[in-house]
Amino acid sequence: MKISIIGSGYVGLVSGTCFSETGNYVKCIDIDIEKVKKLSNGELTIFEPGLEKLFLKNIREKRLKFTSNLEKGISDADIIFLALPTPPGKDGHADLKYILKVADQLGSLIKDYKIIVDKSTVPVGTAAKVRKLIAKNCKVDFDVVSNPEFLREGAAVEDFMKPDRIVIGTESEKARKILSELYSPFVRQGNPIIYMDQNSAELTKYAANSFLATKISFMNEIALLCEKLDADVDLVRNGIGTDSRIGKRFLFPGIGYGGSCFPKDVKALIKSAKEVEYDFKILNAVEFVNEFQKIYIIDKINKYFKKNINGKHFALWGLSFKPNTDDIREAPSLVIIKKLLDAGASVSVFDPEAINNVRNVFGSKINYSKNIYDCLINADGLIIATEWNEFRNPDFNKINKLLKKKLIFDGRNLFDTKKMKNLDIEYFSIGRK
Ligand code: NAD
């Protein structure tokens, strides 16, 4: 099939590459000319495990192309995917300006039947708005389909190639048939394609992300309670995670969820509910807990230094909002760095992939280290904000030699508490004895 993807970011680039890998001809379109230039030259603009190999292979085989010209990009497409940003607006609603602008342009550019598929996360009713805008200027038949994307950054290629499920919201039999053909290579192991109406498809994505955010905030509160009740959250986590009704995933406490999806999607669902005069009580609490959790580690640091961290120097490991990505959108690390700088402390940071993105935010206000050990030199303490695998088993003798003070604030519970005690390290983690 011939496919166009409008928006070549985390979702668009991964979707486009994976569709080309299954034999389709894909054109990825982006408004960012520099990005298109890099991608056309075989230079990836994001870090995502496993992506580069597929990306280069499909460029070589001429199944994957890039352009910034919308008209040329969609002219021969059977299916047009929208993988455009839907960032939070001022009052938390999903800002649809990118989607609606493209929808407005598409009407006059479509010359034969096309399926327009919305992969972006959008509030209920957006597909109907997109249809209306396209229809305004369009003289041919077309369908608009809602197909929310569930890939996780850090495992995006794997998730796209082997999704748990694919959700397709459409009432068009024709669109349904074509899309099931497109997706058939991705569901060979029996994972379902779930068909539904558009409103339900749009809501499904928000419900999924909000439920996962709820699980995280719930465990973060259990962790805080563990600290007060002299219990250990790792034991409690094991105790409940083995219950098949609960499951083991998303039970790890930490310093709050971040990223480009959970924070904005929770906000957007609260706002959508408000618009129909429903107060989504649980989600308000989920957000509140998450904001608290992001500064909880700073509270611990302040308490340790008796509220005087002015002039102290900290090492910070982990900048991306989670491991295996370079994405720093809404990353807890940014909040921590800002709070430390505001309090007069200095910071050296290390991350395997996200340093360049953080440099764009903090510039020369912080120091950027080449590896985990350089980062520790002369630091009054180490803070861990992301659970990259390479942080899990470091050389503790080296750590003890390099740190000015043998002190670790671990926001991801990476190390064994007894081991830390034996190494004479003052170790603060989340919800553990
Ligand atoms: P992104 O910011 O990484 O990428 C969006 C791209 O769209 C950018 O490259 C931008 O330059 C481009 N763009 C903006 N306006 C354009 C226009 N008029 N024409 C062409 N290109 C344009 O965003 P993302 O993370 O890929 O997310 C896209 C959507 O998918 C969002 O709604 C998001 O909520 C959803 N989503 C994201 C993830 C994720 O893990 N990132 C997962 C599932 C769903």
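Start by selecting His313 and Ser348: their side chains are joined by a polar contact of 3.2 Å. Keep in mind as you click around that this is a predicted model. Now add Ser346 to the selection, and you'll find a second polar contact from the His313 side chain, this one of 2.7 Å. Colour by secondary structure and you'll see that His313 belongs to strand β9, residues 313-317. Is His313 buried or exposed? Its relative accessible area is 13%, and the cut-off for buried is under 20%, so His313 counts as buried.

**Along the chain from β9**

Follow the chain out of β9 into the loop that leads to α13 (332-342), and pick Glu330 there. Check its backbone: phi is near 60°, a positive value in a residue that isn't glycine. Most residues other than glycine have a negative phi. With a relative accessible area of 41%, Glu330 is partly exposed.

Next, jump to Asn413, in the loop between β13 (407-410) and α16 (417-422). Here is another non-glycine residue with a positive phi, about 50°. Buried or exposed, this one? Asn413 has 14% relative accessibility and counts as buried.

**The ligand**

Time to show the ligand and everything around it. The shell holds 26 residues, and the closest are Asp30, Lys35, Thr86, Glu153 and Lys264. Colour the shell by residue class and you get 11 nonpolar, seven polar and eight charged residues. Which helices should you highlight? Try α1 (10-21) and α5 (97-109), each of which supplies at least two residues of the shell.

Now colour by domain. Domain 1 (2-196) and domain 2 (230-428) both give residues to the shell, so the ligand lies between them.

For the polar atoms, take these one at a time:

- Lys264: a polar side-chain atom sits 2.5 Å from a ligand oxygen.
- Asp30: an N or O atom of its side chain is 2.6 Å from an oxygen of the ligand.
- Thr121: here a polar backbone atom is the partner, 2.9 Å from a ligand oxygen.

Switch on the ligand surface while you're here: taken alone the ligand exposes 830 Å², and the protein buries 90% of that.

Before moving off, centre on Thr86, one of the closest residues to the ligand. Thr86 sits in the loop between β4 (79-82) and α5, and is buried, with a relative accessible area of 6%. Draw a line from its C-alpha to that of Cys261: the separation is 9.5 Å, for two residues 175 apart along the chain.

**β2 and α2**

Select Cys28 in strand β2 (residues 25-29). At 0% relative accessibility, Cys28 counts as buried. Which residue should you pair it with? Pick Thr67, which is 39 residues away in sequence, with the two C-alpha atoms 6.4 Å apart.

From there, go to Asp32, which caps the N-terminal end of helix α2 (residues 33-40). Zoom in and you'll see a side-chain oxygen of Asp32 lying 3.2 Å from the backbone nitrogen of Glu34. Slide to the other side of the helix: α2 is followed by Gly42, with a positive phi near 80°.

**Aromatic rings**

For the last stop, show the Phe, Tyr and Trp side chains. The whole structure has 20 aromatic pairs. Zoom in on Phe19 and Phe160, an edge-to-face pair with 5.2 Å from centre to centre and 90° between the planes. Phe19 is in helix α1 and Phe160 in helix α7 (residues 156-161), so this pair ties together parts that are 141 residues apart in sequence. Both residues are buried.

For a second pair, select Tyr304 and Phe428. Their ring centres are 5.7 Å apart and their planes are at 75°, so this pair is edge-to-face. What does it tie together? Tyr304 lies in helix α12 (residues 281-304) and Phe428 in strand β14 (residues 426-428), so the pair links parts 124 residues apart in sequence. Phe428 is partly exposed, with a relative accessible area of 29%.

Finish by going back to Phe19 and Phe160 and adding Phe81, Tyr183 and Phe186: together these five form one aromatic cluster.

Terms used
Residues numbered from 1 in each chain as written. Predicted model: local features only at pLDDT ≥ 70, side-chain atom pairs only at ≥ 80, totals over all residues. Heavy atoms only, no water. Near = heavy atom within 4 Å. Polar contact = N/O pair within 3.5 Å; in protein donor to acceptor, adjacent residues only side chain to side chain. Areas by Shrake-Rupley, 256 points an atom, 1.4 Å probe, with all protein chains shown as cover. Helix = DSSP H or I, 4+ residues; strand = E, 2+ residues; numbered from the N terminus. Nonpolar A, V, L, I, M, F, W, Y, C, P; charged D, E, K, R; others polar. Domains from an automatic or database assignment. Phe/Tyr/Trp six-rings, centres within 6.5 Å; stacked < 30°, edge-to-face > 60°. Buried < 20%, exposed > 50% of the residue type's maximum accessible area, 1.4 Å probe, protein only.
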